[in-house]
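Colleague: Please take one helix of this model and examine it closely, residue by residue where possible. I should like a connected account of how it sits among its surroundings.

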Amino acid sequence: MRLLKVATCNLNQWAMEFECNMKNIKASIAEAKASGAVIRLGPELEITGYGCEDHFLELDTVTHSWECLKELLLGDWTDGILCSIGMPVIKGAERELRWFTAWKQRDKLEEFQLPIEISEALSQKSVPFGYGYIQFIDTAVAAEVCEELFSPVPPHAELALNGVEVFMNASGSHHQLRKLDIRLNAFMGATHARGGVYMYSNQQGCDGSRLYYDGCACIVVNGDVVAQGSQFSLKDVEVIISQVDLDAVASLRGSISSFQEQASCKVNVPSVAVPYKLTQTFNLKMTLSSPKKIIYHSPQEEIAFGPACWLWDYLRRSGASGFLLPLSGGADSSSVAAIVGCMCQLVVKEIANGDEQVKADANRIGNYANGQFPTDSKEFAKRIFYTVFMGSENSSEETKKRAKQLADEIGAWHLDVCIDGVVSAVLSLFQTVTGKRPRYKVDGGSNVENLGLQNIQARMRMVLAFMLASLLPWVHSKPGFYLVLGSSNVDEGLRGYLTKYDCSSADINPIGSISKMDLRLFLKWAATHLGYPSLAEIEAAPPTAELEPIRSDYTQLDEVDMGMTYEELSVYGRMRKIFRCGPVSMFKNLCYKWGTKLSPAEVAEKVKYFFKYYSINRHKMTTLTPSYHAESYSPEDNRFDLRQFLYNSKWPYQFKKIDEIVDGLNGDTVAFLEEANSGKEMGVVAANSGDPSAGL
């Protein structure tokens, strides 16, 4: 037997915070060595943090990375253990592909000249650089970095034929709902048909941007997961250990005739010979790791834990003392409140488990003294979470009651504020300047007046929220400031169903790329599993902005205002972004999807209506609150959806093409409907010409 003990890890790194990152790296190496591991794998770009973006273009970033690596190499950190450590390196002067250039010379290793200070410190002038593997006395080890695993011809396939048995994948993979199985299936598939030990390391946490890196470091042997780290955790360092038998790899490969045949005519990959032995022989003190049942979280758990961990990192690293949330009693803001409550529960749980870093951060943020620390999530929430119901004459007693009830269940410090006086003062000023006073549509006003009155309320709430966030800590003799939380969902962003600079404008938004449909499922789950029963009633209520007066014959409803359902919006969003559909392609696809329920003409009207309002409101994405990234059809234009924000909302060429297709189908509609795939019925909702989302 060739017994090998290996270690991989989740590290909560922070972009450009070298001291924090080095502390975590050292802790993970120390833990790996203490366990007896002879290989330690760290995440991609762990020295700098993954999300440095254009900081990678600064020479300081590279210089500091070498300085940190020198510190690790000159100490005893790497003695007796093979360490994979991630950092940027300049090889040549090219700056292609924004930050990094793929290495294309696959037939040789080059000598890389070390920086002078590194060379002098290590008494070594150069190192091998390029595509290859390390050949030890008893096994071969290679690296496959992050996305290479998912390429059409992944390096591990060729490396396996060259005898590599241990693959190390240093990654910086961010969380998206329902995506973990794709990643794990890739690891298992990499070694199922060709054998091998696949080690995966990842960052975990918010390193300074919209992304949450979701950990899940794991070790796979011959297609079986033998160790899996957490996907969502507040820990800064989590090390995963496995003990494996490399003879099991050799045995599997020997049993696959096609592997032997292809290995006999392989393309030779360059290697570096190292006269060192990694494995041990048969030893009863080393218990082999056995296959584990993979842990997957439900989408509802992902919505709870991912944004909660992201919020905690943002809070503790921003210098803020807590959060302030405009809590309307509706589904979206209530989801955000529940996520903050979940964060408080995770903090208390991790402190009870003995995490001293979480305890120190919580004590500082919560302003604990005299040896006290959080032991109850509601008590902790009271210290760090303000919720404010900013009601108007258009607000209902039901939403006011729900907001207060949820705040009490979470433990938040809750305020009930009436904004009518502020709105009235602004309208009086407007009347003084213009001589006119606008009226709601239900009171005889025009659409323009109706829209203006709704926008005034929304924007006043934003101003009040930021004022309260900065001054309430002072009122209560608390240090620091509070971060304002936003609560617009991904579908509202896609449709533009929000007022620019309204109460959706905030410091950060934990649900900004989560769909309304998923949020409603989350509310049902959280009512039971987080212990906030009022969420069930909130989820059951029809979504409404409550910006217009309530009358016996009229109540404002989101889906009526938008002229489309949230379920439809999810379909439009996925087709536009994930499947890269323009108006014509979307129309054709939806004719198949909805063909048994809607005629081509009706589908055409829906598609044209969506693209009209998408383009009218696209400019709002330029000022959207930075949001946790959870959904691949996010319309947020900072990183995920690079499209212009000024459109011809009539789409004359595209809409004309759709009309031509519809005209051509009119004579054959019956046959078309019979052939169309069956699809789920989508509600047909009448458009309200007074849509509040259309305003600037």
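Modeller: A residue is called buried when its relative accessible area is under 20%. The model is a predicted one, and the part chosen here is helix α12, residues 397-410. Its length can be checked first: 14 residues at 1.5 Å a residue should span 20 Å, and the end C-alpha atoms are 20 Å apart, so the two values agree. Within α12, the buried residues are T399, R402, A403, L406, A407, E409 and I410. These residues lie on the same side of α12, because the arc that they cover around the axis is only 160°. The general geometry is helpful here: an α-helix has 3.6 residues a turn, so residues three or four places apart point the same way. The cover over the buried residues of α12 includes the helices α9 (331-352), α11 (377-384) and α17 (534-540). Strands β16 (385-391) and β17 (413-418) are also among the elements that cover them. Just after α12 comes G411, with a positive phi of about 105°.

A pair of helices elsewhere may be set beside this. The axes of α19 (residues 566-578) and α21 (residues 600-617) come within 12 Å and cross at roughly 75°, which means that α19 is roughly perpendicular to α21. On α19 the contact is made by E568, L569, Y572 and R576, and on α21 by K606, F610 and Y614. By class, this contact of α19 with α21 has four nonpolar and three charged residues, with no polar ones.

Note on methods. Residues are numbered from 1 along each chain as its sequence is written. This is a predicted model: local features need pLDDT of at least 70, side-chain atom pairs count only at pLDDT 80 or more; totals for chains, interfaces and linings use all residues. Side-chain values use heavy atoms; hydrogens and water are left out. Helices (H or I, at least four residues) and strands (E, at least two) are DSSP runs, numbered from the N terminus. The expected span of a helix is 1.5 Å times one less than its number of residues. Buried means under 20% relative accessible area, exposed over 50%, partly exposed in between (1.4 Å probe, protein chains only). The arc is that of the directions from the helix axis to the C-beta atoms. Contact means heavy atoms within 4.5 Å. Axes are lines fitted to C-alpha atoms, for helices over the stretch in contact, and angles run from 0 to 180 degrees between N-to-C directions. Angles under 35 degrees count as roughly parallel, over 145 as roughly antiparallel, 65 to 115 as roughly perpendicular and the rest as oblique. Ala, Val, Leu, Ile, Met, Phe, Trp, Tyr, Cys and Pro count as nonpolar, Asp, Glu, Lys and Arg as charged, and the others, Gly among them, as polar.
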